[in-house]
Amino acid sequence: MTSSSRRHVIIIGGGASGVMLTYQLLHRPTSDLRVTLIEQRPEIGRGIAYHTGNPEHLLNVRASNMSALPDQPDHFWRWLSSRGADAPLRPDPYCFVPRRIYGDYIASLLEQQISAPTDARRLSILQGTCVDINEKPACVSVRLDDGRSLVAETVVLATGHDPRANRPAHANPWAPPSAAPIDTDATVLILGTGLTMVDYVLSLMRDGHRGPIIAMSRRGLRAKPHRHIDALRIEETDVPFGASISKLVRWLRDRIDRNAAQGGDWRSVIDGLRPYTQRLWHELPRASKRRFLEHARAWWDVHRHRMAPEVEARITQALDRGQLTLMAAKVISIEPNKSGARVTYRRRGDANPLDIQVGAVVDCTGIVKDPRATLNPAVLSLFDRGLARVDPLCIGIETDRNCAIISRDGAASRCLFAVGPLTRAAFWEIMAIPDIRNQCAALAVLLADTASEHQPKLHHERL
């Protein structure tokens, strides 16, 4: 079969999600698809998460569970072990590896395809930014910022997390503090107290920052640390699917209490629930989803998305010596000035507003509040053309359980799909590699079988 006669899939985004999907598509035994991978950065496989050069930025999942391939659970550990002297000493598969090294691993998945002879190559990698997507009756057209246009039968968005717009007095949370630049003696205000905050504090300290660091969120919670424990086996029949959020929380607390009474750790219960979290979200009533996002999400996040023990030690040291302060408060206003910004805030439980002068503000709050405020031109073009719509909870674009993008009129596309964090409205737990790798493998089966004129339905358990 010639290259031109192969069914063409365009994947927009060459970070971890895009590379894993590309790998799965090209390694389907019955597939003869060709793939074009579009990435705006010079390197594939890194995205926002894995481009960091700071060796103190560690994965927040142990190496034993970071394989990109669902059917080879030790694939990453074997790759890491094979590097020998090229990799820092790692004691066992329960270690937490620098994220930069993991980016090397993701990029390595496509080395064989990249080095294949031109006439046998089924993969094309283009550097550029997709600025427009248009679905037509039998194909999808894509336009890049340099004017290039491509046509394919299928387009998949894998653009990951949406960065926030640059604002006065705000530093980019994904760039080193030296890029801002931030005065080493100035007070730095970090909005959000999750894992992105943790990484930025590590970056500040690595760059020699001496001034106070204030991390502020509504509840002032910080991520819990990992411990060397195994997941508890939880039977599917024991999980209260479809229950309200209040009943689900009571059930979870009871399981944790019973496990603790037997000498267990709460972490094993949270980890044991992981195979069912996407189905739980899917079957949760919409009113309960809203209540979860408003009242329980922060508590879930700090227990579910945990810090490596080495990172916990560094953060605890910064707290103990008084350089880092966690504060439960809400920002009222930020007024940029010559020295940075004057910030007015209100502590939780206190009606009196307070002021503070800071050298920089760093927004580490994560999810963009309104998906229509995205800076992603590809997603914006879908909104403009009516090919996508915001989900009812306003946390992302709406997709069905097969990852198909749902249009303004409610129809699921047969040509446009999405993977990774873009699909959080449908799956919620779709930020971490263990979840995304399963999603990519399942979508690859669907697309490859569609190319063979067979279109089975995916079940949510496979995603």
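How many bridges join β2 to β3, and do these strands run parallel or antiparallel? I would like to open with that, and the answer is that five bridges join the two strands, which run parallel. Before I go on, please keep in mind that what we are looking at is a predicted model.

Let me stay with β2 for a moment, since this strand has a partner on its other side as well: β1 is joined to β2 by five bridges, and these two strands also run parallel. If you look for a single residue to follow across the strands, take L37 in β2, which is the bridge partner of I11 and which also stands opposite I125 in β3. Five of the six residues of β2 are buried, and the strand is therefore largely enclosed by the rest of the structure.

Now let us widen the view to the sheet. Six strands make up this open sheet, and reading across it the order is β3, β2, β1, β7, β16 and β15, with mixed pairing. At the edges we find β3, covering residues 123-127, and β15, covering residues 404-406, each of which pairs on one side only. If you compare neighbouring strands of this sheet, they are turned against each other by 35° on average, with direction ignored.

A helix also belongs in this picture. Helix α1, residues 16-26, packs on the sheet, where it touches β1 (8-12), β2 (34-39), β3 and β7 (154-157), and its direction makes about 170° with that of β2.

At the β15 edge, the pairing is with β16, residues 412-418, and here two bridges join strands that run antiparallel. Within that pair, A404 is the residue that stands opposite F417 in β16. As a general reminder, strands of a sheet pair through backbone hydrogen bonds, and they may do so in either a parallel or an antiparallel way.

I will turn now to the charged side chains. Across the whole structure, a search finds 24 salt bridges, and I will go through a few of them.

One of them is formed by R167 and D363, whose closest N and O atoms are 2.7 Å apart. This pair links distant parts of the chain, given that R167 sits in the loop between β7 and β8 (170-171) while D363 belongs to strand β14, residues 360-363, and the two are 196 residues apart. Is D363 buried or exposed? With a relative accessibility of 12%, below the 20% cut-off, D363 counts as buried, whereas R167, at 38%, counts as partly exposed.

Another salt bridge is the one between D185 and R210, with the closest N and O atoms 2.9 Å apart. Because D185 lies in the loop between β8 and β9 (188-191) and R210 in the loop between α5 (195-206) and β10 (213-217), this pair ties together parts that are 25 residues apart in sequence. Here D185 is partly exposed, at 46% relative accessible area, and R210 is exposed, at 56%.

We can also look at R267 and D265, whose side chains meet in a salt bridge at 3.0 Å, N to O. R267 counts as buried, its relative accessibility being 8%, while D265 is partly exposed, with a relative accessible area of 22%.

Finally, which residues are linked in a network of salt bridges? They are E43, R46, R100 and D104, and with that network I will stop and take your comments.

Notes:
Residues numbered from 1 in each chain as written. Predicted model: local features only at pLDDT ≥ 70, side-chain atom pairs only at ≥ 80, totals over all residues. Heavy atoms only, no water. Pairing = 2+ DSSP bridges. Helix = DSSP H or I, 4+ residues; strand = E, 2+ residues; numbered from the N terminus. Axes fitted to C-alpha atoms, helices over the stretch in contact; angles between N-to-C directions. Contact = heavy atoms within 4.5 Å. Salt bridge = Lys/Arg side-chain N within 4 Å of Asp/Glu carboxyl O. Buried < 20%, exposed > 50% of the residue type's maximum accessible area, 1.4 Å probe, protein only.
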